[in-house]
Amino acid sequence: MARIVGGIAASHTPTIGFAFDKNKRDDPVWAPIFENFAPLATWLDEKRPDVVVTIYNDHVTSFFFDHYSAFALGVGPEWRVADEGGGARDLPPIKGDPKFAAHIGQSLMTDEFDMSFFQNKPLDHGCFSPLSMLCPHKPEWPIKLVPLQMGVLQLPIPFARRFYKLGQALRRAIESYPEDTKVAILATGGLSHQVHGERSGFNNTAWDQRFLDLFERDPEQLADMTIAEFAELGGYEGAEVIMWLTMRGALSSNVVCKHRSYYLPSMAGIATAIYEC
């Protein structure tokens, strides 16, 4: 039977990928990002999951507003890095797990989540900017990837509780998989930021810390919040933290936080965290 070894959370700003590709680990501005991601990489190396289910949102790179699903599960055999306008990053493709992904998809549909499914779409920084920090990947990645793309950029957006319930259904899906498979769940996005309009550049560090507290100890309170409340407190784009609730819903009610960090270098609060069931 498959089992969840834990959940990790990591922001997914494009600057994370830039810092990695330009080897900025000794630069005092960028060094805290590497320091904060290091415990996550160590944890993954120790747990050695077979598959990482990554909960992320595409930034209108491979998913467009002419057909924009709330929940889209990747079921392909391989995932490439997307070109977001300046050329694709020099990262190898990562293998998928079509059999495991198909089981998850069937289980979620049975659990009354109307999923969309995709193959052959490259994945943008929402997935690969944190992932490149978490695993050695030359010549190849040591894990398989099942991407779960969330439609959080175009209204209407599902309620926060719907994301939380999806996580609970995801746990049931994983634990019903008959093969001996170790699974880690990675949630990306956030924290507070807004990149357009009158509040462009907005951050709210106090809310970011409060969110992290509630995420660990009282996710029900977060699940009861409206999208407007998330946007007011954390910025419109910062409301994408509702994706984290899917990872939290897949874990037990009482989790142990093994690591937590926060850094605000510029436009977005960057957080990393590890939770064990």
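## Helices, spaces and backbone features of a predicted model

The buried residues of helix α8 are Ile227, Phe230, Ala231 and Gly234. Viewed along the axis of α8, these buried residues fall within an arc of 95 degrees, so they line one face of the helix. The face turned away from that buried side carries two exposed residues, Ala228 and Glu232. The cover over the buried residues of α8 includes α5, α6 (205–217) and α7 (219–223). Just after α8, Gly235 adopts a positive phi of about 90 degrees. The model described here is predicted, and every value given for it is computed from its atoms.

### Glu237 and the loop after α8

The loop between α8 (227–234) and α9 (244–250) contains Glu237. Is Glu237 buried or exposed? Its relative accessible area is 15%, and the limit for a buried residue is under 20%, so Glu237 counts as buried. With neighbours within four places in sequence left aside, Glu237 is in contact with His193, Gln194, Val195 and His196. Between Glu237 and Leu264 there are 15 Å in space, C-alpha to C-alpha, and the two are 27 residues apart in sequence.

### The cavity and the largest pocket

The structure holds one cavity of 30 Å³ or more. About 50 Å³ of space lies in the largest cavity. Which residues line the largest cavity? Its lining consists of Val152, Leu153, Ile157, Ile227, Tyr236, Glu237, Ala239, Glu240 and Ile242. Ile227, listed among the buried residues of α8, is thus part of this lining, as is Glu237 from the loop between α8 and α9. By class, the lining of the largest cavity divides into seven nonpolar residues, no polar residues and two charged residues.

The largest pocket encloses about 350 Å³ of space. Its lining is made up of 19 residues, and those nearest the centre of the pocket are Thr13, Pro14, His125, His193 and Val195. Two of these, His193 and Val195, also appear among the contacts of Glu237. Nine residues of the pocket lining are nonpolar, eight are polar and two are charged.

### Helix α3

Helix α3 has 13 residues, 98–110. At 1.5 Å a residue, α3 should span 18 Å; its end C-alpha atoms are 18 Å apart, which agrees with that expectation. The buried residues of α3 are Phe100, Ala101, Ile104, Gly105, Ser107 and Leu108. Down the axis of α3, the buried residues fall within an arc of 165 degrees, so they too line one face of their helix. On the other side of α3, the exposed residues are Lys99, Gln106 and Thr110.

What do the buried residues of α3 pack against? Their partners are the strands β2 (51–56), β3 (71–74), β6 (116–118), β7 (144–150) and β8 (182–188), together with the helix α5 (160–175). Helix α5 is also included in what covers the buried residues of α8.

### Backbone features in the loops

Two residues other than glycine have a positive phi in the loops described here, Val60 and Glu112. Glu112 comes just after α3. The table sets out the values for both residues.

| Residue | Loop | Phi | Relative accessibility |
|---|---|---|---|
| Val60 | between β2 and β3 | near 55 degrees | 32%, partly exposed |
| Glu112 | between α3 and β6 | near 70 degrees | 64%, exposed |

The two classes follow from the cut-offs: exposed means over 50%, buried means under 20%, and partly exposed lies in between. At 32%, Val60 therefore counts as partly exposed, whereas Glu112, at 64%, counts as exposed.

Cis peptide bonds are a further feature of the loops. Leu155 and Pro156 are joined by a cis peptide bond with omega of about 0 degrees, and Pro156 is located in the loop between β7 and α5. The peptide bond from Gly190 to Leu191 is also cis, with omega near 10 degrees. Leu191 belongs to the loop between β8 and α6. The strands that precede these loops, β7 and β8, are among the elements against which the buried residues of α3 pack.

Key
Residues are numbered from 1 along each chain as its sequence is written. This is a predicted model: local features need pLDDT of at least 70, side-chain atom pairs count only at pLDDT 80 or more; totals for chains, interfaces and linings use all residues. Side-chain values use heavy atoms; hydrogens and water are left out. Helices (H or I, at least four residues) and strands (E, at least two) are DSSP runs, numbered from the N terminus. The expected span of a helix is 1.5 Å times one less than its number of residues. Buried means under 20% relative accessible area, exposed over 50%, partly exposed in between (1.4 Å probe, protein chains only). The arc is that of the directions from the helix axis to the C-beta atoms. Contact means heavy atoms within 4.5 Å. On a 1 Å grid over the protein atoms alone, a cavity is a set of points where a 1.4 Å probe fits but cannot get out, and a pocket is an open set with protein on both sides within 12 Å along at least five of seven lines; lining residues have an atom within 4 Å of a point. Grid points are joined across faces, edges and corners, and a volume is the space filled by probe spheres set on the points. Ala, Val, Leu, Ile, Met, Phe, Trp, Tyr, Cys and Pro count as nonpolar, Asp, Glu, Lys and Arg as charged, and the others, Gly among them, as polar.
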